[in-house]
Amino acid sequence: KNRIWILQKSGKVRVIARDYVMTPRYFPVLNELEGYSFSRMCADPEGERIWFLTGDGQLLLYQNERVRRLENVPFAEVRSMQVDREGWLWIAGDRSSLARLSGEVWTKLGPSKTGVQGDIGNIAFDGDQNLWISLDQGVLKFDLDEQGIPTGNGRLYDSDQGFRGTYVVPGATFTTEDGRIFFGTLDGVVQYEPGEDRVITS
């Protein structure tokens, strides 16, 4: 619908359409988002669903011009929130754990299933539906099985593979429509090209 959704530092949501800021009078959905202080927001690839997360773990879903409450997230702390190509919502929490929301049911994936050791900073998905997890020492790439569960221990991309960024800034990942991933690190931007399976630093 050519709307731009903005999550402000204050935790409030603003929506811009056709060069003007929409008000609750003309866009009643905003009334349903009042009273919350959101910490994160993400949308599915088609832009038909938008999830909003509050600082205390409440999760809201905007769909079909309505907002409804979902089950609270299963972690006290959420470090990253992304939607994969299949439309599943993923979050990275504390203690090296992930969780995926399918429908309205959370599936938790701890270190015993992913093999991840260390604090997860960000998660992202490339055009081949591979899961990427950023850690202090680089990024891990996981294949997903038919149930959407990470398989194996992941492939580490660190300085030996050209990933010279030592730390990915929280929230600083972006996936393009053709499946490339950009990681914003303290040492600059790192671009991943899935078709060539190599990292380009800049």
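A residue counts as buried here when its relative accessible area is under 20%, and as exposed when that value is over 50%. Keep those two cut-offs at hand, because they decide how we describe a pair of loop residues in this predicted model.

Let's begin with that pair. Gln129 is not a glycine, yet its phi is positive, at about 60°. You will find Gln129 in the loop between strand E12 (123-125) and strand E13 (131-135). Is Gln129 buried or exposed? Its relative accessibility is 15%, so Gln129 counts as buried. Asn64 also has a positive phi, of about 55°, without being a glycine. Asn64 sits in the loop between E6 and E7. Here the relative accessible area is 66%, so Asn64 is exposed.

Now step back to the whole protein. Its secondary structure consists of 2 helices and 19 strands. How does the radius of gyration of the protein stand against the globule rule? The radius is 17 Å, close to the 17 Å that the rule gives for 202 residues, so the protein is as compact as a globular protein of that length. Along the principal axes, the C-alpha trace spans about 55 × 35 × 30 Å. Of the 202 residues, 45% count as buried. The accessible surface comes to about 10,800 Å², and carbon and sulfur atoms own 45% of that area. As for sequence separation, take the contacts between residues at least 6 apart: 38% of them join residues at least 24 apart.

With that overview in place, we can turn to the sheets. Strands of a sheet pair through backbone hydrogen bonds, in either a parallel or an antiparallel sense. One open sheet has 4 strands in the order E4-E5-E6-E7, with antiparallel pairing. Strand E4 (38-43) and strand E7 (66-70) stand at its edges with a single partner strand each, so one side of each has no neighbour in the sheet. From one strand to the next, the twist averages 20°. Within this sheet, E4 and strand E5 (residues 49-54) pair in the antiparallel sense over 5 bridges, and Phe38 stands opposite Thr54 in E5.

Another open sheet, also of 4 strands, runs E8-E9-E10-E11 with antiparallel pairing. Its edges are E8 and strand E11 (105-109); each has a single partner strand, so one side of each is left without a neighbour in the sheet. Neighbouring strands are turned against each other by 20° on average, with direction ignored. E10 and E11 pair in the antiparallel sense over 5 bridges, and Ser102 has Val105 in E11 as its bridge partner.

What lies in the largest nonpolar core? It has 16 residues, and those touching the most other members are Trp51, Leu59, Met81, Leu89, Ile91, Leu101 and Trp106. The elements giving two or more residues to this core are E5, strand E6 (59-63), strand E8 (78-83), strand E9 (89-93) and strand E10 (98-102). E8 makes the largest contribution, with 3 residues.

For a closer look, try Leu89. Leaving aside residues up to four places away in sequence, Leu89 touches Cys42, Trp51, Leu59, Met81, Gln82, Val83, Ala99, Arg100, Leu101 and Trp106.

Methods
Residues are numbered from 1 along each chain as its sequence is written. This is a predicted model: local features need pLDDT of at least 70, side-chain atom pairs count only at pLDDT 80 or more; totals for chains, interfaces and linings use all residues. Side-chain values use heavy atoms; hydrogens and water are left out. Two strands pair if DSSP finds at least two bridges between them. Axes are lines fitted to C-alpha atoms, for helices over the stretch in contact, and angles run from 0 to 180 degrees between N-to-C directions. A nonpolar core is a set of buried Ala, Val, Leu, Ile, Met, Phe, Trp, Tyr and Cys residues joined through side-chain atoms within 4.5 Å. Buried means under 20% relative accessible area, exposed over 50%, partly exposed in between (1.4 Å probe, protein chains only). Contact means heavy atoms within 4.5 Å. The radius of gyration is taken over C-alpha atoms; the globule rule is 2.2 Å times the number of residues to the power 0.38. Accessible areas come from the Shrake-Rupley method with a 1.4 Å probe; for residues, only the protein chains shown count as cover.
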